[in-house]
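Biologist: I should like to learn how to read a structure that is new to me. May we go through it feature by feature?

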Amino acid sequence: MANDKSGRKKKNPIVTILAVIVILIGSAFGVWELGDFLPSDTTTPTTENGSPNTEQATKPEVLVDGALTVIMIDVGQADSFLLIQDGKTALIDCGTRYDGDEILAFLNSMNITKLDYVFGTHPHDDHMGGMQEVIQGIEVGKLIVPDVEKGKVTSNWYKSLEKAYVNFDVVRPKVGDVYKLGDATMTVLGPIDTTPSNINNYSTILMVSFGEMDILFTGDAETSLEKDLINSGVNLDAEILKIGHHGSDTSSSDAFLDAVSPEYGLLSTAIGNKHDHPIGEIMDKYEKRGIEIYRTDQSGTVTLTVTATDVEFSCEPGDYRDGIEMAKEEGKWWLVIWV
Ligand SMILES: [Zn+2]
């Protein structure tokens, strides 16, 4: 989620200073609590206590026999998807470094004691920050993470995660690799360029296929990787698309949406995130194409029950409001003007 400068507005420092003064005065007079004004990014709390909003999830008490269950876990401005088919499990991304415990608790609540696969799409905090806690807290079959050039990611959490890799037989994703998840398959389609300059374009691209249904997971892939995928000639057609990069305008190019032609989009983002995701022009694209979108900032955790020919969602589709509209209308207008 870094490197998306084009998705940001220019912030006026005077407006910001005025906002800070208003906030401090308001706090002094008890109009609001200072803590309400903490900036939001990967740490955006989605419940009052700051934990991922998994409570309101429509957790499948009983998984539908024979179906593929996909759970978009609400980890705020981050990604984490749990897939279950015929007792086999896969986790694609692990939220931020503040989400690992909550994800483990969520898995525990579903009586999941082993993850057959854990994928980290790319080493940004909002995708792999929670990975160390997850892989150290539950039995893991295969750990599949990108082979990022040494020294390219310098964050402490990542260095610590890399050290934890020694206890695992780490697998590096390669285009064409296929992993079985019960009767579903997970096929690696990208990245095509294995040493991109932008970390987002290291994102592992996974096509999950079950019967006639396909779900495309894209991490934070930006338009250059979308273009590489199109040029590779691989079939990108999918009924369900994980909307790239939290709805940033770095992703969801027209050519890519043409190639995937999804009926449904999955959007994982938080109200009041500092990038203003999702971006309005991107939401317009999905609306104009008639693609129903399901979003964690509106519905919390979302469960998909995928059969061989269809999909059922645990909630109604969301609307196409962008990040700024969401923040304003949900009473978090101050986050829009935050630096
Ligand atoms: Zn991200």
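Modeller: Let us begin with helix H6. Just after H6, Gly233 takes a positive phi of about 80°. Please keep in mind throughout that this is a predicted model.

Biologist: Which residues of helix H6 are buried?

Modeller: Helix H6 covers residues 223-231, and its buried residues are Leu225, Glu226 and Leu229. Viewed down the axis of H6, they fall within an arc of 105°, so they line one face of the helix.

Biologist: What is the general idea behind such a face?

Modeller: An α-helix has 3.6 residues a turn, so residues three or four places apart point the same way.

Biologist: Against what do the buried residues of H6 pack?

Modeller: They pack against strand S8 (184-190), S9 and helix H7 (254-260).

Biologist: Which residues of helix H8 are buried, and which are exposed on the other side?

Modeller: In helix H8 (residues 280-288), Ile282, Met283 and Tyr286 are buried. These residues cover an arc of only 100° around the axis, which puts them on the same side of H8. Glu281, Asp284 and Lys288 are exposed on the other side. The buried residues of H8 pack against strand S12 (264-267) and strand S13 (292-295). After H8 comes Gly290, with a positive phi near 70°.

Biologist: I should now like to place these helices in the whole chain. How many helices and strands are there in the chain?

Modeller: The chain has eleven helices and 15 strands. Of its 339 residues, 47% are buried. The contacts may also be sorted by separation along the sequence: among those between residues at least 6 apart, 70% join residues at least 24 apart.

Biologist: How should I read the sheets?

Modeller: Strands of a sheet pair through backbone hydrogen bonds, either parallel or antiparallel. In this model, seven strands form an open sheet in the order S7-S8-S9-S10-S11-S12-S13, and the pairing is mixed. Strand S7 (178-181) and S13 stand at the edges with a single partner strand each, so one side of each has no neighbour in the sheet. From one strand to the next, the twist averages 20°.

Biologist: In which sense do S7 and S8 pair?

Modeller: S7 and S8 pair in the antiparallel sense, over four bridges. The bridge partner of Lys180 in S8 is Thr185.

Biologist: How many bridges join strand S11 to S12, and how many join S12 to S13?

Modeller: Strand S11 (residues 240-242) runs parallel to S12, and three bridges join them. Leu241 stands opposite Gly265 in S12. Between S11 and S12 the chain passes through H7, and this β-α-β crossover is right-handed. S12 and S13 also run parallel, joined by four bridges. Leu267 has Arg295 in S13 as its bridge partner. The β-α-β unit made by S12, H8 and S13 is right-handed.

Biologist: What is the order of the strands in the open sheet of eight strands?

Modeller: The order is S6-S5-S4-S3-S2-S1-S14-S15, with mixed pairing. The edge strands, strand S6 (170-171) and strand S15 (311-313), each pair on one side only. Within this sheet, strand S4 (residues 114-119) and strand S5 (residues 139-144) run parallel and are joined by five bridges. Lys114 stands opposite Glu139 in S5.

Biologist: Let us turn to the nonpolar interior. Which residues have the most contacts inside the largest nonpolar core?

Modeller: They are Phe81, Leu83, Ala90, Val118 and Val208, in a core of 69 residues. Strand S9 (residues 205-210) gives the most to this core, with five residues.

Biologist: With which residues is Ala90 in contact, leaving aside its neighbours within four places in sequence?

Modeller: Ala90 is in contact with Leu83, Leu115, Asp116, Tyr117, Phe119, Leu181 and Met186.

Biologist: As a last case, why does Glu325 count as partly exposed?

Modeller: Here the cut-offs are needed: a residue is buried with 20 or more other C-beta atoms within 10 Å of its own, and exposed with 12 or fewer. Glu325 has 16 C-beta neighbours inside 10 Å and therefore counts as partly exposed. Glu325 lies in helix H10 (residues 323-329). Its C-alpha atom is separated by 9.4 Å from that of Gly272, 53 residues apart along the chain.

Methods
Residues are numbered from 1 along each chain as its sequence is written. This is a predicted model: local features need pLDDT of at least 70, side-chain atom pairs count only at pLDDT 80 or more; totals for chains, interfaces and linings use all residues. A nonpolar core is a set of buried Ala, Val, Leu, Ile, Met, Phe, Trp, Tyr and Cys residues joined through C-beta atoms within 7 Å. Helices (H or I, at least four residues) and strands (E, at least two) are DSSP runs, numbered from the N terminus. Two residues are in contact if their C-beta atoms, placed from the backbone, lie within 7 Å. The arc is that of the directions from the helix axis to the C-beta atoms. Two strands pair if DSSP finds at least two bridges between them. A crossover is right-handed if, with the strands pointing away from the viewer, the path from the first strand over the helix to the second runs clockwise. Axes are lines fitted to C-alpha atoms, for helices over the stretch in contact, and angles run from 0 to 180 degrees between N-to-C directions.
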